[in-house]
Amino acid sequence: MSACSSILVTGGAGFIGTHTVVQLLHQGFYVTIVDNLDNSVQEAVTRVRELVGTELSRNLHFHLGDIRNKQDLEKLFSQAEFDAVIHFAGLKAVGESMAHPFRYFDNNLIGSITLYQVMAKYNCKKLVFSSSATVYGQPKKIPCVEDFELKAMNPYGRTKVSHCCP
Ligand SMILES: O=c1ccn([C@@H]2O[C@H](COP(=O)(O)OP(=O)(O)O[C@H]3O[C@H](CO)[C@H](O)[C@H](O)[C@H]3O)[C@@H](O)[C@H]2O)c(=O)[nH]1
C-alpha cells in the first residue's frame, strides 16, 4: 500500500488505536478515526494531533460514530475512499463480558458484521483485525503463536474467535 493511502481506523481513539494512528500519520497515510468514545475520550485524538504536529494533523479526521450504525458507516464510506480498515473498535474486559455477554456480542460481533457489510458494498477489501490472546484460553505455553488451538473461555474471547473461524 502506498504511503498516501487512506485508512479508516475503528476505535482509533483507544489505547492501541491512538498509537497506531500516530505511526500511520508519520508514515504518510491519511487517517480517519471512527469511534463511539465508549472507552476513550476525544482529548486522546487532540493529543495525537499535538504529537504529530500541525502539518500531519491535516491528514487526520475524527468521526464520532458507532460501527453498529450502518447509516453512519455508509455516510463515511460514501464521502471518502478507504484503501483499508484497521479494526480496533470493540469492548475488551473479560469480567464484564461474562456479566453482560449480549453487550459484547452486540458491540464486537454485530458491529464488525455491519462494518464488513459496508466495506463490501464500497469495495474496500483490506482489513487488519485486532484480535486477542483470549482466543487461546489458557495456553500450555507462552508466548502464544497463531497455530495454537482456539479455546476461548469467555464471551469476550468468543467474539474474537468468531472472526477467525465463524
Ligand atoms: O462498539 C464500540 C466499542 C468500543 N469502541 C472504541 O474502541 C476503542 C477501543 O480501545 P480500548 O482502549 O478500549 O482498547 P485497546 O486499544 O486496548 O484494545 C485493542 O486491542 C485489544 C487486544 O488486546 C482488542 O483487540 C480490542 O478490541 C482493541 O480495541 C475505544 O476508543 C472505544 O471507545 C467503539 O468505537 N465502538
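This briefing describes the ligand site, the open and enclosed spaces, and two backbone features of the structure. The model is a predicted one. Its ligand sits in the largest pocket, and the protein covers 91% of the 710 Å² of accessible area that the ligand has on its own. A search of the whole structure also finds one cavity of 30 Å³ or more.

**The ligand and its surroundings**

- The ligand is surrounded by 21 residues, of which the closest are D35, N39, S40, F88 and N107.
- D35 places a polar side-chain atom 2.6 Å from an oxygen atom of the ligand.
- In the side chain of N39, an N or O atom is 2.7 Å from an oxygen atom of the ligand.
- S130 also takes part, with a polar side-chain atom that lies 2.7 Å from an oxygen atom of the ligand.
- Two elements, α1 (15-26) and α6, give two or more residues to the shell around the ligand.
- By class, this shell around the ligand holds eight nonpolar, nine polar and four charged residues.

**The largest pocket**

- The largest pocket, in which the ligand sits, contains about 610 Å³ of space.
- Its lining is made up of 29 residues, and F88, A89, G90, L91 and K92 are the closest to the centre of the pocket.
- F88 therefore appears in two lists: it is among the closest residues to the ligand, and it is among the closest to the pocket centre.
- The elements α1, β2 (30-35), α5 and α6 each contribute at least two residues to the pocket lining.
- The lining of the largest pocket divides into ten nonpolar, eleven polar and eight charged residues.

**The enclosed cavity**

- Rolling a probe the size of a water molecule over the atoms shows where empty space is left.
- The largest cavity has a volume of about 30 Å³.
- The residues that line this cavity are H87, A89, G90, N108, S112, F129, K160 and H163.
- Two or more residues of the cavity lining come from each of α5 (101-121) and α6 (155-164).
- Sorted by class, the cavity lining comprises two nonpolar, five polar and one charged residues.
- A89 and G90 belong to the lining of the cavity, and they are also among the residues closest to the centre of the largest pocket.

**Backbone features**

- Most residues other than glycine have a negative phi, and most peptide bonds are trans.
- The peptide bond from I142 to P143 is cis, and its omega is near 0°.
- P143 is located in the loop between β5 (127-129) and α6.
- L37 has a phi near 60°, which is a positive value in a residue other than glycine.
- The position of L37 is in the loop between β2 and α2 (42-57).

Conventions. Residues are numbered from 1 along each chain as its sequence is written. This is a predicted model: local features need pLDDT of at least 70, side-chain atom pairs count only at pLDDT 80 or more; totals for chains, interfaces and linings use all residues. Side-chain values use heavy atoms; hydrogens and water are left out. On a 1 Å grid over the protein atoms alone, a cavity is a set of points where a 1.4 Å probe fits but cannot get out, and a pocket is an open set with protein on both sides within 12 Å along at least five of seven lines; lining residues have an atom within 4 Å of a point. Grid points are joined across faces, edges and corners, and a volume is the space filled by probe spheres set on the points. Helices (H or I, at least four residues) and strands (E, at least two) are DSSP runs, numbered from the N terminus. Ala, Val, Leu, Ile, Met, Phe, Trp, Tyr, Cys and Pro count as nonpolar, Asp, Glu, Lys and Arg as charged, and the others, Gly among them, as polar. A residue is near a molecule or strand if one of its heavy atoms lies within 4 Å of it. A polar contact is a pair of N or O atoms within 3.5 Å; within protein, one must be able to donate a hydrogen and the other to accept it, and residues adjacent in sequence count only if both atoms are side-chain atoms. Accessible areas come from the Shrake-Rupley method with a 1.4 Å probe; for residues, only the protein chains shown count as cover. A molecule sits in a cavity or pocket if more than half of its atoms lie within 2 Å of its grid points.
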